[in-house]
Amino acid sequence: MSLVLENPLQPVLEIPSDLTLWAETSSNLDAAAQWQLYLHQLAASTLVQWCQDATENSQSGNRPTVQLWPSANPLDIWHVVDGLAITLGKRRIVVTLSEAMDASEMRVPQEWLDLPAWAGDYYIAAYIDVDEQQLALWGYTTHSQLKHQGQYDAGDRTYCISEDSLIQDFSAFWAAQTLESLDTVTLEAIPAVSQTQLDNLISRLAGSLEPRLEIPFSLWGALLSNPDARSRLYQQRQGKAMLQTTLASAPTQLGQWTTQLLSQGWDSLARLLPQAPVLSIRSNTTGSDPTSTTAATATTGAKEIVLETATETVVLVLAIAVTIEEDERRNIRIRLYPTQASADNESVLAETPLAQSLSIDLPTDEPPPEEALLPAGVILTLLLTETQQQLQTVCSGDRDNYIQLFPFRCPADQAFSVRIQYADGVMQEDFVS
């Protein structure tokens, strides 16, 4: 079938031309996976809005909640499995995307049908055209129909159903959501695997071009059904967890910090780096006049970060300054410093007995030793913990004695993460504001 985009029974939705999304998906993933992420992000917001508009105009008194599943930005799924899922109240809609204009069948990855936690109620076939900024929905079916009428293709682990078996009239789709009683299909549970097996699978699949076809479906399904393992696979396939990835066993509770009490493993910045400047924050302490600000000294905690790369060990100091404002919002500043070893070693050289016996002096026409500098290429990133969505990133240059993220405010109990990367060494710390 060659799609007729003027068919009023097949919705044609406008998608944005968003270069920002493309920049956000830039990573160490291969080009095909990066493009797949981009297409799914473009389609996701449009499809959620379409569902919200349709349910808003519904005659039913109970408007269902509409949201992406399993999170607001499930990149850890989209980079390996085609298709996006939207929860509509108690039902789930799975949408598969294709750039092929001549559509003779719908192909749905096995994961969306045979994983009990992933299975949908309805499946929609969509054609996406980035150049024309269009998303055309050209047919849909149910889980039961796809399982019973579709053909399973073991070559790419998909269920295929011809266009003739799809419902191409969307005029009754939304009425069916409230009126239609769907047949249920009993699915076999995915056998559990050990943590050691998951670790081995992640290491094996991190560099695979087709990870979903690399191992038996039962093992692949067990990995995908585990949110932590799924996230780790995504991170490793980006190259962000190579020789060393350290995750805190529990998030650091910033709301419990005081000038006298820091979390275990954290120390004062003055003790770790006596010469480092105090991280002061301009904060509204009155809680009434947003234009009235006074300087507030934050509670600052510091921690040594050790990154093991293939060629060296780099020790840095992460500093977090937090002020709790009168409305309980947190004002947070994050900096990353070098240790002072490189500067101290140079100045101590002239004081050693060996240097004195050899009459080694610092050249008098040279300036005094400079403070230590960060290695060029250290990356400091702020992320949302749940989705791993990057919010800010800064990279050190050749002459940086520290780098910092833009200060930000957030409500209490907001989860976020800080990732530090240098070469192939990575460390991540999780926080709750």
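**View 1. The whole chain, with its 12 helices and 22 strands.** What you're looking at is a predicted model. The protein chain runs to 433 residues, and 46% of them count as buried. Take the contacts between residues at least 6 apart in sequence: 65% of these join residues at least 24 apart. The accessible surface adds up to about 21500 Å², with 49% of that belonging to carbon and sulfur atoms.

**View 2. Helix α8 packing on helix α9.** Here α8 covers residues 217-224 and α9 covers residues 227-237. Their axes sit 6 Å apart and make an angle of about 95°. Angles of 65 to 115 degrees count as roughly perpendicular, so that's the label for α8 against α9. On the α8 side, look for Trp 220, Leu 223 and Leu 224; they meet Ala 229, Arg 230 and Leu 233 of α9. Sorted by class, this contact has 5 nonpolar residues, 1 charged and no polar ones.

**View 3. The N-terminal end of α9, capped by Asn 226.** Zoom in on the Asn 226 side chain: one of its oxygens lies 3.0 Å from the backbone nitrogen of Asp 228.

**View 4. α9 and what covers it.** Helix α9 is mostly covered, with 8 of its 11 residues buried. The buried set is Ala 229, Arg 230, Ser 231, Arg 232, Leu 233, Tyr 234, Gln 235 and Arg 237. Among the elements covering them are the helices α2 (31-56), α3 (75-78), α7 (195-205) and α8. The strands β21 (415-422) and β22 (425-432) also help cover these residues.

Key. Residues are numbered from 1 along each chain as its sequence is written. This is a predicted model: local features need pLDDT of at least 70, side-chain atom pairs count only at pLDDT 80 or more; totals for chains, interfaces and linings use all residues. Side-chain values use heavy atoms; hydrogens and water are left out. Axes are lines fitted to C-alpha atoms, for helices over the stretch in contact, and angles run from 0 to 180 degrees between N-to-C directions. Helices (H or I, at least four residues) and strands (E, at least two) are DSSP runs, numbered from the N terminus. Angles under 35 degrees count as roughly parallel, over 145 as roughly antiparallel, 65 to 115 as roughly perpendicular and the rest as oblique. Contact means heavy atoms within 4.5 Å. Ala, Val, Leu, Ile, Met, Phe, Trp, Tyr, Cys and Pro count as nonpolar, Asp, Glu, Lys and Arg as charged, and the others, Gly among them, as polar. Buried means under 20% relative accessible area, exposed over 50%, partly exposed in between (1.4 Å probe, protein chains only). Accessible areas come from the Shrake-Rupley method with a 1.4 Å probe; for residues, only the protein chains shown count as cover. A polar contact is a pair of N or O atoms within 3.5 Å; within protein, one must be able to donate a hydrogen and the other to accept it, and residues adjacent in sequence count only if both atoms are side-chain atoms.
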